[in-house]
Amino acid sequence: MSERNKNPKDLEEGSEGWKKLCKEVREACEEYGYFQVVYEKIPMELHDEMFVGLKDLFDLPLETKQKNKSIKPFYGYIGRSLPLYESLGIEDSHNLDQVQAFTDLMWPNKGNPAFCQTLNQMSKMMQELEQIIRKMVFESYGAEKHCDSNIEESEVIFRVMKYKTTHSNEDSAVGLGAHSDNNILTILYQDVEGLEILSREGEWFPLRSQQGVFTVFVGQALKAWSNGRLHAARHQVMMRGSKERYSYALFAEPKMEAVVEVPMELVDKDHPLLFRPFQHKDFLRFFYSNRGADNSLEDFAGIIKGE
Ligand SMILES: O=C(O)CCC(=O)C(=O)O
Ligand SMILES: [Fe+2]
């Protein structure tokens, strides 16, 4: 599904266009668990600059990339655990000082002021887009009064990724295995195709990459919040052909201590409570020890009918 909103006025909260968009976003998230969107404010040149910078970044020596560390799992540098995949995470990337600390760490001699600006600009705009979408989802459920506190109790991680080509005779190879994201919302940009989505009917289908088009995924924390009404789509990256692939994503997720709880607006006779409240860090611990299994959320926080 592709939403092309050509009228910037539709982003004016409370307008008829806004209300219509809220409904469309919610329906896509319920039905498919993802959708595609263009954010006109982001110029194509900024994407181009991102890909130039990413190539230089991943070309740095392994020891340099490994300096990007975090106490949180999957936040720092990930490489070598999967044959084709490598990624670097930047915490609080909307904050210029944080991004500069990252680029200074990667380029210790002169830093990389141009790429630092690009990363910060891109992540700020992707965060803006994420918050608009989150607001739309909350509003469409009549739960807008919870949105500001939900945003307040969340944080973002910006992750940049590189996938090597297969170098084998096989015509395809797994870049990143099947999973659904465990966060609130993910905003992802890919240049070379490879992203695939599992439909509710159990079929994998590839997402075309189009200029300026972001893919938005519902994560499991938002699925839990929505009392199971939103679908967290499973997706994977398959590498085909001889082109390396770069992508970047902004992950909005509850702060570790935050409690994910279904608001009362989403519970009624037709929608009995499906998930107990939980602290996000406890869910993450369960999720990782369960190797990200498909039913982690239900096993961890699901309320068994009749309980
Ligand atoms: O690189 C991509 O296109 C997908 C990455 C992804 O799904 C993830 O990091 O959760
Ligand atoms: Fe993902």
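## The enclosed cavity

By the rule applied here, the count comes to one cavity of 30 Å³ or more. The structure is a predicted model. Rolling a probe the size of a water molecule over the atoms shows where empty space is left. The volume of the largest cavity is about 40 Å³.

Its lining consists of Q36, L188, Y189, Q190, R208, S209, Q210, V213 and T215. Two elements, β7 (185-190) and β10 (213-218), give two or more residues to this lining. Of the elements, β7 gives the most, with three residues. Sorted by class, the lining of the largest cavity has three nonpolar residues, five polar residues and one charged residue.

## The pocket of ligand 1

Ligand 1 sits in the largest pocket. The residues around ligand 1 number 13, and those that come nearest are Y163, H179, H235, R245 and S247. In the shell around ligand 1, seven residues are nonpolar, three are polar and three are charged. Four strands each supply at least two residues of this shell: β5 (154-163), β6 (173-179), β11 (235-239) and β12 (245-254).

## Polar contacts and cover

Which side chains place polar atoms at 2.6 Å and 2.7 Å from an oxygen atom of ligand 1? The first distance belongs to a polar side-chain atom of Y163, and the second to a polar side-chain atom of S247. In the side chain of H179, an N or O atom is 3.0 Å from an oxygen atom of ligand 1. On its own, ligand 1 has 290 Å² of accessible area, and the protein covers 96% of this area.

Conventions: Residues are numbered from 1 along each chain as its sequence is written. Chains are lettered from A and ligands numbered from 1 in the order in which they are written. This is a predicted model: local features need pLDDT of at least 70, side-chain atom pairs count only at pLDDT 80 or more; totals for chains, interfaces and linings use all residues. Side-chain values use heavy atoms; hydrogens and water are left out. A residue is near a molecule or strand if one of its heavy atoms lies within 4 Å of it. A polar contact is a pair of N or O atoms within 3.5 Å; within protein, one must be able to donate a hydrogen and the other to accept it, and residues adjacent in sequence count only if both atoms are side-chain atoms. Accessible areas come from the Shrake-Rupley method with a 1.4 Å probe; for residues, only the protein chains shown count as cover. On a 1 Å grid over the protein atoms alone, a cavity is a set of points where a 1.4 Å probe fits but cannot get out, and a pocket is an open set with protein on both sides within 12 Å along at least five of seven lines; lining residues have an atom within 4 Å of a point. A molecule sits in a cavity or pocket if more than half of its atoms lie within 2 Å of its grid points. Ala, Val, Leu, Ile, Met, Phe, Trp, Tyr, Cys and Pro count as nonpolar, Asp, Glu, Lys and Arg as charged, and the others, Gly among them, as polar. Grid points are joined across faces, edges and corners, and a volume is the space filled by probe spheres set on the points.
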